[in-house]
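Student: I'm new to this one. Can you walk me through it?

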Amino acid sequence: MAFDVASIRGLYTSLGDGWTYLNAHDTPQIPERVSAAVSRSFRLSASVALPEPGAGTHSREQLGRPEGESYVQQARSAVADLVGAAPGRVVLGPSLPALYASLVVALKPLFRRDSSLVLNGVDRPELTGALARIDAPTKYAQADLATGDLPAWQFDDLVDGATRLVSVPAAHAELGTIIGVGDVVERVRERSRAWVLVDVSAYAPYKPITFDAWGADILAIDLAELGGPQLGALVFRDEAMFGRLDAPALDMQVSTGLAGGVPAVVEHYASLVEGAQGRPTRRNRLTHSMGETATYFNRLRDDLDTFLGTLPAVHIVGVSGEAAEDAAIERIPRLMFGVRGVPSTMVHQRLFAHGIVSTLARPSQLISDMGVAEMGGAVTVGLAPFNTETDIEQLIRTVASLA
């Protein structure tokens with residue numbers, strides 16, 4: 001079945017307010033399915049489910065228990081389907097920064113006196129900041145200032161036998177640059193037994209994820225970035241890894257009401273495109289749906305790049321310029337741009353006046369090093385499954401009035 005964007009728009013009741021939302025990178029719209037599930041979960045999480053008629057002895061330990069206890073396990077199963085893992089490998093937390101802070105404590109048994117870790121300038125600063133609290137020498141992988149990519153070759157010099165943890169993102173949250181995680185993991189494996197931690201939060205709304213395909217050790221995901229509840233998750237390569245950690249540090253309490261919305265957001269993405277062949281499991285349907293959705297997003301991203309790039313006064317960060325134009329970099333449908341001679345605040349205000357919701361680029365060392373401040377700042381746009389060619393045309397017309 002083809003990608004039916006008109007039907008998908010009907011899954012988001014917030015789109016009836018008249019705005020053109022191009023801020024999926026900052027505040028994703030929440031599908032009605034998710035908000036309804038969270039509402040139901042908060043309402044029923046303290047209630048006790050009625051026993052099933054003729055239930056066997058295996059169900060006795062659940063008798064009299066609040067229904068909300070099952071929501072957390074259902075949330076783990078949903079995250080496992082999202083990334084192609086098993087539920088026992090999933091750890092939930094109230095947020096991704098909180099999970100990273102707990103992971104720092106849990107990793108202490110792995111770090112000895114001579115151990116080190118490798119961070120980078122592409123990850124979100126709040127996540128890098130949490131990992132930097134590990135008491136060990138820290139090396140930093142540097143991004144390509146022309147494209148925002150994180151070249152894998154530099155890990156040859158950064159990783160050695162003493163390295164215990166390497167952190168990389170699957171994609172830059174605003175530039176849209178997809179990082180070659182598989183290439184990074186391969187180089188790390190050649191030189192050490194370090195664990196590779198990958199933040200897939202920006203990547204997950206646009207591409208299907210298969211844990212084993214990257215060969216990473218831990219995947220991290222902020223479920224709010226998919227339009228889900230404000231929860232985070234860490235997914236480990238196998239359950240045996242918990243034996244090497246201070247596992248109790250990862251035992252975090254999460255709201256059962258919010259956990260009840262996690263299966264709904266995964267089911268939302270599994271239902272964007274129907275028609276999966278073979279066994280109709282949620283994982284099977286999700287892989288098919290996200291594959292078709294990725295094709296649609298690629299088309300929108302190409303149009304966004306092409307038409308914005310034809311405006312002579314517009315500079316797309318990481319795309320425009322001689323050093324970037326020939327780079328074979330895959331991207332998610334998010335980008336950051338500026339208009340020469342026009343402050344970014346004015347561009348942002350003009351878009352808002354024309355009903356387009358975008359954001360000013362978040363400050364970071366990478367964005368500063370790429371010269372964004374020198375051109376007067378930049379504006380970021382991020383697409384969601386409900387965006388259309390008409391939304392792109394509206395953005396281009398508005399920017400053209402300034403450029």
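Tutor: We'll go through cavities, a helix, a recorded domain and a few single residues.

Tutor: This is a predicted model, where local features need pLDDT of at least 70, side-chain atom pairs count only at pLDDT 80 or more, and totals for chains, interfaces and linings use all residues. Residues are numbered from 1 along each chain as its sequence is written, and side-chain values use heavy atoms, with hydrogens and water left out.

Student: How many cavities of 30 Å³ or more are there?

Tutor: Two. A cavity is a set of points, on a 1 Å grid over the protein atoms alone, where a 1.4 Å probe fits but cannot get out; lining residues have an atom within 4 Å of a point. Points are joined across faces, edges and corners, and a volume is the space filled by probe spheres set on them.

Student: What volume does the largest cavity have?

Tutor: About 90 Å³. It is lined by 16 residues, and the closest to its centre are Ala 24, Pro 28, Tyr 269, Ala 384 and Pro 385.

Student: How does that lining divide into nonpolar, polar and charged?

Tutor: The lining of the largest cavity has 12 nonpolar, two polar and two charged residues. Here Ala, Val, Leu, Ile, Met, Phe, Trp, Tyr, Cys and Pro count as nonpolar, Asp, Glu, Lys and Arg as charged, and the others, Gly among them, as polar.

Student: And which residues line the second largest cavity?

Tutor: Leu 82, Ala 204, Lys 207, Pro 208, Ile 209, Arg 283, Leu 286, Thr 287 and Met 290. The second largest cavity has a volume of about 50 Å³. Its lining divides into six nonpolar, one polar and two charged residues.

Student: Which helix gives the largest share of that lining?

Tutor: Helix α11 (residues 282–309), with four residues. Helices (H or I, at least four residues) and strands (E, at least two) are DSSP runs, numbered from the N terminus.

Student: Where is Thr 293, and is it buried or exposed?

Tutor: Thr 293 is in helix α11. It is buried, because its relative accessible area is 0%. Buried means under 20%, exposed over 50%, and partly exposed in between (1.4 Å probe, protein chains only). Thr 293 and Tyr 269 are 24 residues apart in sequence, with their C-alpha atoms 8.9 Å apart in space.

Student: Switching helices. How far does α15 reach?

Tutor: Helix α15 (residues 389–400) has 12 residues and reaches 16 Å from first C-alpha to last, close to the 16 Å expected. That expected span is 1.5 Å times one less than the number of residues.

Student: Which residues of α15 are buried?

Tutor: Asp 391, Ile 392, Gln 394, Leu 395, Ile 396, Thr 398 and Val 399.

Student: What does UniProt place at residues 147–240?

Tutor: The unreviewed UniProt entry has "domain: Aminotransferase class V" there. UniProt positions are given in the numbering used here, feature names are shortened, and annotations may be inferred rather than shown by experiment. Over residues 147–240 the chain is 20% helix and 23% strand, and the end C-alpha atoms are 38 Å apart.

Student: Where does Glu 174 sit?

Tutor: Glu 174 is in the loop between β5 (163–169) and α7 (181–191). With a relative accessible area of 4%, Glu 174 is buried.

Student: What does its side chain make a polar contact with?

Tutor: The side chain of Thr 380, at 2.8 Å. A polar contact is a pair of N or O atoms within 3.5 Å; within protein, one must be able to donate a hydrogen and the other to accept it, and residues adjacent in sequence count only if both atoms are side-chain atoms.

Key
1 Å grid on protein atoms, 1.4 Å probe; cavity = no way out; pocket = protein on both sides within 12 Å on 5 of 7 lines; lining within 4 Å.
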